[in-house]
Amino acid sequence: MVKKNVKHPMKGRNERISRKRFLRMGMYAACAVAAEFIIPSCGNIDRLFSSPDDAFRVRARYWEHLSDRAVRCTLCPNECLIAEGSRGRCRTRVNRAGVLETLVYSRIVAVHVDPIEKKPFNHFLPGSRAFSIATTGCGLSCRFCQNWQISQSRPEDISAESISKEALIRRATESSSRVIAYTYNEPAVQFEYCIESARFARERGLRAVIISSGYINAAPLKELLRHLSAVKIDVKSFREQFYRDICSGTLAPVKRNVELVRASGVWLEIVVLIIPTLNDSPQEIREMTRWIRTNLGEHTPVHFTRFYPMYLLTNVPPTPVSTLERCREIAVAEGLRYVYVGNVPGHRFENTYCHACGSLVIRRTSIFSVENRLINGACPSCRTVIPGVWS
Ligand code: SF4
């Protein structure tokens, strides 16, 4: 649960978001029904309560000692240099007496059972439930973040519960979820818990997936992939300048990571949130989709999703549906076979059509699969196998 008078992390610690602005953002959130985000104060969370902070501290993975008890975290491309007593940029890793600790091991601030289509995954176990969890923090600072209340907060600013890996599996099973989804904030910042619980889940027949910005270093990503069944990565733009100016990050590691996921054999889908004037130029979309076609393959599902004004980007209007359709046309012209329009409930390109004969194989409404015509993963009309994980 977010505390009242949420501090605005980008405008100084004493500035507070007005009630009027907070309510307006809540209205936008309600409009964006298909988007993979959660507003903790809107009642989507099953259970929340405070736990002592020490319950969530464990020694972190992926860091190195420097001189004077300083450390360098090597989990994500920020590679923060952290002095004794300080934290990294994601706010979740602290240098305690020369040892890097995570503050978010099993610290869960959001729990919800979602359709897998909400993540969105359109080619991964359609119609299944995903037991979805999140913690706080992120290595990026996107000005349009849809989950900024948790991604840009310190762990201690948001009430949390501790969920052991055993409890996680039990609760997922009780909710008839086949999938555990690490989502809403960047799962990489909860690496230690994510990898342990994902391994535990797989051993018990559940599938683990992450919904990620792809902002993680190669070594931890490779280790994590061994325990995952699917990965959704947000490619936020195909311009370094966008990543630098809008997200305070870089594009290059994201491109490397989607290639790593593809090479690993773990199922991959890509989402591009199209923001008017910032990342919607035909030239950029053409370069991006050509790169995806060449480096990831023509069958990689790509979702162009609609932006709604949010967080620090409230002066930009929602994406026109025609813009999303134009992006899709460009992607198809570049050779991609499964290109979706997202966050536009009722749009015909929420559906999956066979790449060989064009027959409708999965019909969706918003975040729900309402009709699945696949027969053993193949088109019922022409018998072409549709790429994906269907059972
Ligand atoms: S995970 Fe956090 S502390 Fe580590 S490099 Fe990334 S932002 Fe910095």
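How many bridges join strand S17 to strand S18? Two bridges join S17 (residues 352–353) to S18 (residues 360–365), and the strands run antiparallel.

## Basis of the model

This is a predicted model, in which local features need pLDDT of at least 70, side-chain atom pairs count only at pLDDT 80 or more, and totals for chains, interfaces and linings use all residues. Residues are numbered from 1 along each chain as its sequence is written, and side-chain values use heavy atoms, with hydrogens and water left out.

Helices (H or I, at least four residues) and strands (E, at least two) are DSSP runs, numbered from the N terminus. Two strands pair if DSSP finds at least two bridges between them.

## Strands S17, S18 and S19

Between S17 and S18, Thr352 stands opposite Ile362 in S18. The two strands form a hairpin with six residues between them. In that turn, Gly358 has a positive phi of about 85 degrees.

S18 is also joined to strand S19 (residues 368–372), by four bridges and in the antiparallel sense. Here Thr365 stands opposite Phe368 in S19. This hairpin has two residues between its strands, and Ser366 in the turn has a positive phi of about 55 degrees.

## Two open sheets

One open sheet has three strands in the order S1-S6-S5, with antiparallel pairing. Its edge strands are S1 (58–59) and S5 (93–96), each of which pairs on one side only. Two bridges connect S1 with S6 (residues 99–102), and Arg59 has Glu101 in S6 as its bridge partner.

Another open sheet has three strands in the order S2-S3-S4, again with antiparallel pairing. S2 (63–65) and S4 (81–82) are the edge strands, and each pairs on one side only. Three bridges join S2 to S3 (residues 71–73); Trp63 stands opposite Cys73 in S3. In a regular strand the side chains alternate between the two faces of the sheet.

## Aromatic rings

Rings of Phe, Tyr and Trp (its six-membered ring) pair if their centres lie within 6.5 Å; planes under 30 degrees apart count as stacked, over 60 as edge-to-face and the rest as tilted. By this rule there are eight aromatic pairs. The ring centres of Phe121 and Phe124 are 5.7 Å apart and the planes stand at 50 degrees, so this pair is tilted. Phe121 and Phe124 are both buried (under 20% relative accessible area, against over 50% for exposed and partly exposed in between, with a 1.4 Å probe and protein chains only).

For Phe349 and Tyr353 the ring centres are 6.2 Å apart and the planes are at 75 degrees, so the pair is edge-to-face. Phe349 counts as buried at 15% relative accessibility, and Tyr353 is buried with a relative accessible area of 19%. Elsewhere, ring pairs link Phe144, Phe242 and Tyr243 into a cluster.

## Charges over Phe200

A charge sits over a ring if NZ of Lys or CZ of Arg is within 6 Å of the ring centre and within 35 degrees of the ring normal. The ring of Phe200 has the charged end of Lys165 over it, 5.3 Å from its centre. The charged end of Arg204 also sits over the Phe200 ring, 3.4 Å from the centre.

## Helices H8 and H9

The axes of helix H8 (residues 282–295) and helix H9 (residues 321–333) come within 9 Å and cross at roughly 40 degrees. Axes are lines fitted to C-alpha atoms, for helices over the stretch in contact, and angles run from 0 to 180 degrees between N-to-C directions. H8 and H9 are therefore oblique to each other (angles under 35 degrees count as roughly parallel, over 145 as roughly antiparallel, 65 to 115 as roughly perpendicular and the rest as oblique).
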